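These notebook entries record what I looked up in one structure. I set them down in the order in which I took up each topic.

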Amino acid sequence: GSCRPCFFLHTRVGCQYGAEWVFCHRDHPKRKKERPQKSQREEHHKFVEKLFHDYVARGLSHPEADIKLLQRQQFENASDVDVRHVRKVLRTLYRDAGHNVSEVTGRPPLSHV
């Protein structure tokens, strides 16, 4: 729950802060960041890149594009892992193209576009 592990504890030098440190020194299970398989990630990149060019040509901001992306039928029953990945790809494309990127939170209600 509210316990936050100390990442310095298991380094070569160890944690220099000791008991005064605000982070926990007990053992915690490693958290593995879930992500789609490589082939799925590559498909996501190709798909989102095509959409990105269309969205930019239409003058959509990142938040507007994010909502349009999630309203597509392909994502109606998509796993949270896939949805997080395509949103990350879209956000990265907007950022790399020099557009203002704001963090869009939540998963808006889906309706077919």
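**Entry 1: The nonpolar core**

I worked from a predicted model. I looked first for the largest nonpolar core and found that it has 15 residues, those with the most contacts inside it being V48, Y55, A65, L69, L90 and Y94. I then asked which elements give two or more residues to this core, and they are α1, α2 and α3. Helix α3 gives the most, with five residues.

I followed two residues further. For L90, leaving aside its neighbours within four places in sequence, I listed contacts with V48, F52, Y55, H62, A65, D66 and L69. L51 is found in helix α1. I read a relative accessible area of 10% for L51, so L51 is buried. With neighbours within four places in sequence left aside, L51 is in contact with L69 and R72. I also checked L51 against A65: these two are 14 residues apart along the chain, and their C-alpha atoms are separated by 8.7 Å.

**Entry 2: Overall makeup**

I turned to the secondary structure, which comes to three helices and zero strands. Read from the N terminus on, the elements run α-α-α. Of the 113 residues in the protein, buried residues make up 28%. I looked up the exposed area as well: the protein exposes about 8,800 Å², and carbon and sulfur atoms supply 50% of that area.

I next considered how the contacts are spread along the chain. Among contacts with a separation of 6 or more, residues 24 or more positions apart account for 57%.

**Entry 3: Helix α3**

Does the span of α3 agree or disagree with its number of residues? The 17 residues of α3 should span 24 Å at 1.5 Å a residue, and because the end C-alpha atoms are 24 Å apart, I noted agreement.

I then listed the buried residues of α3, which are V81, D82, V83, H85, V86, R87, V89, L90 and Y94. What covers these buried residues includes α1, at residues 38-57, and α2. After α3 comes G98, for which I recorded a positive phi, near 85 degrees.

**Entry 4: Salt bridges**

Side chains of opposite charge can pair when their charged atoms come close. How many salt bridges does a search of the whole structure find? It finds three.

I took the pair of R87 and D66 first. R87 forms a salt bridge with D66, and the closest N and O atoms are 2.7 Å apart. R87 lies in helix α3 (residues 80-96) and D66 in helix α2 (residues 62-70), so this pair ties together parts that are 21 residues apart in sequence. I asked whether the two partners are buried or exposed, and both R87 and D66 are buried.

The second pair is D54 and R58, a salt bridge whose closest N and O atoms are 3.0 Å apart. D54 has 34% relative accessibility and therefore counts as partly exposed. R58 also counts as partly exposed, because its relative accessibility is 48%.

The third pair joins D96 with R95, the closest N and O atoms being 3.3 Å apart. I recorded D96 as exposed, because its relative accessibility is 56%. R95 has 51% relative accessibility, so R95 counts as exposed too.

**Entry 5: Cysteines**

A disulfide is a covalent bond between the sulfur atoms of two cysteines. I counted a pair only when its sulfur atoms lie within 2.5 Å. By this rule the count comes to zero disulfides.

Why is C6 not bonded to C15? The sulfur of C15 is the closest cysteine sulfur to that of C6, yet the two are 3.8 Å apart, which is too far for a bond. C6 has a relative accessible area of 5%, so C6 is buried.

I looked up C24 next, and C24 is in no disulfide; its nearest cysteine sulfur, that of C3, is 3.3 Å away. C24 counts as buried, because its relative accessibility is 13%.

Definitions and conventions: Residues numbered from 1 in each chain as written. Predicted model: local features only at pLDDT ≥ 70, side-chain atom pairs only at ≥ 80, totals over all residues. Heavy atoms only, no water. Salt bridge = Lys/Arg side-chain N within 4 Å of Asp/Glu carboxyl O. Buried < 20%, exposed > 50% of the residue type's maximum accessible area, 1.4 Å probe, protein only. Helix = DSSP H or I, 4+ residues; strand = E, 2+ residues; numbered from the N terminus. Contact = heavy atoms within 4.5 Å. Areas by Shrake-Rupley, 256 points an atom, 1.4 Å probe, with all protein chains shown as cover. Expected span 1.5 Å × (residues − 1). Core = buried A, V, L, I, M, F, W, Y, C linked by side-chain atoms within 4.5 Å.
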